[in-house]
Amino acid sequence: MTSIRIPTYRLAAFVVVVVIVSIASVGSLLIRNAVRSEEHRLLQERASEIGLILTEAFSGLQTQMATVAGETQLNGADARAFMASTATLITAQPGSSTVLADAGTDPVRFVAVIGTALPPTAVGPADALIRRALNLRAEITTSVFDEGSAHVIGLAYPVGVGGLVIYRQLPLDPSAAGSATSGSQPFHELTVALYAGPTQEKATLILTTSGQVPLRGSVAVASTTFGADQWLVAINATSPLVGNFATNAFWLVLVGGVVVALALGALADSLLRRREHTLALVDQRTAELRDSMAKLELAQEQVLRQARLAAIGELAAGVGHELRNPLGVITNAHYLLRAGFEQQGGNGLMRHLALAEREVGAATLIVGDLLDFAGPREPVTTPVGLHELLDEVLDLAAPPSGITVDRDESAGCSPVLADRDQLRQVLLNLITNAYEAMPGGGAVTVVVREAPGGVELQVTDSGVGMDQETAAQVFQPFFTRKARGIGLGLAVTKRIIDAHGGGISVTSAPGVGTTFRVDLPAAVVGAAP
Amino acid sequence: MKPTVLVKQTVLVVDDAAGMRQTLVDILEAAGYSVSIAVDGGAALALARGERFDVILMDIQMPVLTGVEVLAALDHPPPQIVLMTAYALEEQMGKARDHQAFAILQKPFQIARLLHVVAEAAAPCDGNGYRPGLG
């Protein structure tokens with residue numbers, strides 16, 4: 001499963017976008033709720049206003065009916081007089097009837113009818129309405145019902161004489177009102193439904209400006225009093241009362257918030273990315289600086305080390321120079337002593353003398369190393385036979401008692417191209433090192449043989465050996481584990497071998513012994529003088 | 001190469017180190033030479049101008065005058081001069097060769113080699129009064 005690493009700056013930008021969009025969403029919801037609440041409040045206000053206006057209008061209607069009733073009462077409920085007065089008081093509408101009904105009979109009998117002819121007696125809802133009006137004195141009462149195929153509204157008002165009641169019946173076409181769309185009309189922005197009852201029942205619908213009843217959406221209702229009855233007016237708005245801007249403000253906030261969030265997110269992304277880039281650059285520069293400082297420190301260390309080595313070299317040169325004179329004197333004195341002892345035949349003294357001569361040889365080797373280290377010179381090469389040189393070295397540095405030297409030169413080899421004095425210094429160093437590695441005695445094995453491109457020389461001792469850490473350091477100047485010596489022999493040896501274009505390596509195991517292997521380039525055949 | 005009994009060949013040993021002077025005198029006298037000594041370059045120059053030596057065996061690093069400076073001063077006629085040095089500078093070695101030092105020996109040296117070089121230097125010279133040096 002692979003994991004995709006999202007950069008920190010992108011995550012941060014995403015968080016910015018989410019936070020701002022959340023704030024914008026909450027804000028837009030609050031605005032929308034506030035706008036809805038205000039819209040509803042306004043709608044309710046309108047409904048109440050319409051309710052009041054209708055109550056006013058209906059009271060006018062009751063007054064008209066009361067007037068007709070009064071006239072009829074004055075005329076002694078005379079049918080002819082009723083018809084005459086009513087005709088002046090009530091404008092006949094198409095399909096409407098105004099009736100003087102007598103509820104004292106059963107069924108109710110229509111005494112006089114103006115307008116559209118009705119059957120002689122009332123039936124069903126009209127009968128009930130007229131009887132109800134008789135019971136409710138001085139109050140108009142209404143009922144909406146179907147008569148035959150017609151949908152009608154009936155209004156009834158008691159005359160106050162006997163069982164007489166003024167009854168009007170009008171055909172109803174609730175949708176005939178149409179929708180009031182003219183901007184100049186009051187309430188033009190509303191859709192209205194008026195019910196002749198306290199609830200929005202379709203059967204009691206008197207008029208509506210909407211094709212759909214009951215009204216849908218945000219609807220406000222208000223009661224209106226029609227005589228003894230409670231009617232209901234329901235409205236909703238064709239366009240927002242608070243205005244389109246307020247209605248859509250929440251969209252503006254939401255969309256604006258999203259746009260701002262995206263813009264800020266992009267800005268944050270860009271800034272944070274730049275910041276990350278800058279930080280990375282700072283890190284890189286810091287690392288480079290640290291690296292430079294480390295290099296500088298190393299260089300400084302090397303300079304110090306070289307200065308120290310130079311100082312040591314200078315000292316070594318002085319000491320070497322001063323030591324060579326006394327060593328020369330001692331060598332000369334040994335010569336004179338040996339001549340004297342040979343004449344006198346002092347064998348015991350000769351042993352001591354040999355010891356002294358060996359020690360002078362060792363001191364001379366150290367001085368040679370010191371001077372070579374202090375002032376290395378380029379090798380002046382000639383073809384040199386390793387076997388002969390080995391003879392000379394073993395003559396100068398004879399093995400101490402308890403140590404044997406085995407030479408394996410059966411293979412034979414061609415001369416090497418070398419500076420004879422320097423190569424002798426190398427062999428003296430390797431041989432005396434081998435001796436010193438075997439304080440309890442042992443064997444030194446020297447192998448000289450041909451190798452690809454040159455000659456290989458191996459000096460192996462069966463001495464104390466070294467661990468890896470020690471072996472890795474033996475060629476460093478002034479490194480020594482020996483009781484005596486200044487630690488320059490192998491450093492000078494390596495320097496000389498390197499200057500000859502050869503190589504030197506060491507393998508060692510503690511308690512087993514050490515082998516130094518030297519590779520030297522062979523002298524070109526025919527170059528020998 | 002052995003010197004004759006009647007006429008000993010003369011060697012002037014010049015070294016500021018007393019031990020070196022003394023052992024060289026003993027070794028050379030045992031080898032049959034008549035040996036004189038000088039303790040520095042100035043004394044050596046004075047002696048060599050007043051007396052003829054077959055061989056002058058002289059250290060290079062010395063007070064007053066160095067061995068190379070004495071060599072340069074004694075250029076004509078040239079005695080056979082063998083120089084010794086514990087640690088000579090390249091410059092001094094070059095100058096010594098320029099002034100035809102017979103040989104330059106590095107201390108400490110094998111006595112056999114010393115006697116060989118001195119004997120060679122003391123041997124009668126050819127018609128030109130000069131033989132190529134050994135060192």
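## Contacts and make-up of chain B

In chain B of this predicted model, contacts with a sequence separation of 6 or more come to 61% from residues 24 or more positions apart. Of the 135 residues in this chain, 50% are buried. The exposed area of chain B is about 6,500 Å², and carbon and sulfur atoms supply 55% of that area.

The secondary structure here is easy to follow along the chain. Chain B has five helices and five strands, and read from the N terminus they run β-α-β-α-β-α-β-α-β-α.

## Confidence in chain B

Before you use chain B in a calculation, here is how its confidence is spread. The mean pLDDT of chain B is 82, with 83% of the residues scoring at least 70. Among its elements, strand E1 (residues 10-14) of chain B has the highest confidence, at 95, and helix H4 (residues 90-98) of chain B the lowest, at a mean of 81. Residues 126-135 of chain B fall below a pLDDT of 50, and this stretch has 20 contacts in the model beyond near neighbours in sequence.

## Two helices that cross in chain B

Helix H1 (residues 18-30) and helix H5 (residues 111-122) of chain B have axes that come within 11 Å and cross at roughly 65 degrees. The crossing of H1(B) with H5(B) is right-handed. On the H1(B) side, the residues that meet the other helix are B:Leu24, B:Ile27 and B:Leu28. Their counterparts in H5(B) are B:Ile111, B:Leu114, B:Leu115 and B:Val118.

## The five-stranded sheet of chain A

Now to chain A, where five strands make an open sheet with antiparallel pairing, in the order E2-E1-E5-E4-E3. Strand E2 (109-115) and strand E3 (141-147) of chain A are the edge strands, and each pairs on one side only. On average, neighbouring strands of this sheet are turned by 25 degrees against each other, direction ignored.

At the E3(A) edge, seven bridges join that strand to strand E4 (residues 150-158) of chain A, and the two run antiparallel. One position to look up is A:Thr141, which stands opposite A:Ala156 in E4(A). Helix H2 (residues 79-89) of chain A lies across strand E1 (97-102), E2 and strand E5 (164-171) of chain A, at about 35 degrees to E2(A).

## Strand E1 of chain A

Why is E1(A) largely enclosed by the rest of the structure? Six of the six residues of E1(A) are buried, so the rest of the structure largely encloses this strand. A:Ser97, A:Val99 and A:Ala101 point one way from E1(A), while A:Thr98, A:Leu100 and A:Asp102 point the other way; all are buried.

E1(A) has a partner on each side in the strand order E2-E1-E5-E4-E3. With E5(A), E1(A) pairs in the antiparallel sense over six bridges, and the bridge partner of A:Leu100 in E5(A) is A:Ile166. E1(A) is also joined to E2(A) by six bridges, again antiparallel, with A:Ser97 bridging to A:Gly115 in E2(A). A hairpin of six residues connects E1(A) to E2(A).

## The four-stranded sheet of chain A

Another open sheet of chain A has four strands in the order E7-E6-E9-E8, with antiparallel pairing. Strand E7 (205-208) and E8 of chain A are at its edges with a single partner strand each, so one side of each has no neighbour in the sheet. Neighbouring strands are turned by 20 degrees against each other on average, direction ignored. Helix H1 (residues 8-74) of chain A lies across E6, E8 and E9 of chain A and runs at about 15 degrees to E8(A).

Strand E9 (residues 229-237) of chain A is mostly covered, with seven of its nine residues buried. Six bridges link E9(A) to strand E6 (residues 190-195) of chain A in an antiparallel arrangement, and A:Leu190 has A:Ala237 as its bridge partner in E9(A). E9(A) also pairs with strand E8 (residues 220-226) of chain A, antiparallel, over seven bridges; here A:Val221 is bridged to A:Ala234. The hairpin of E8(A) and E9(A) has two residues between the strands, and A:Gly227 takes a positive phi near 60 degrees there. Towards the E7(A) edge, E6(A) and E7(A) run antiparallel and are joined by three bridges, with A:Ala193 opposite A:Thr208 in E7(A).

Technical notes:
Residues numbered from 1 in each chain as written. Chains lettered and ligands numbered in written order. Predicted model: local features only at pLDDT ≥ 70, side-chain atom pairs only at ≥ 80, totals over all residues. Heavy atoms only, no water. pLDDT = per-residue confidence, 0-100. Contact = heavy atoms within 4.5 Å. Pairing = 2+ DSSP bridges. Axes fitted to C-alpha atoms, helices over the stretch in contact; angles between N-to-C directions. Buried < 20%, exposed > 50% of the residue type's maximum accessible area, 1.4 Å probe, protein only. Areas by Shrake-Rupley, 256 points an atom, 1.4 Å probe, with all protein chains shown as cover. Left-handed = near helix turned anticlockwise from the far one by under 90°.
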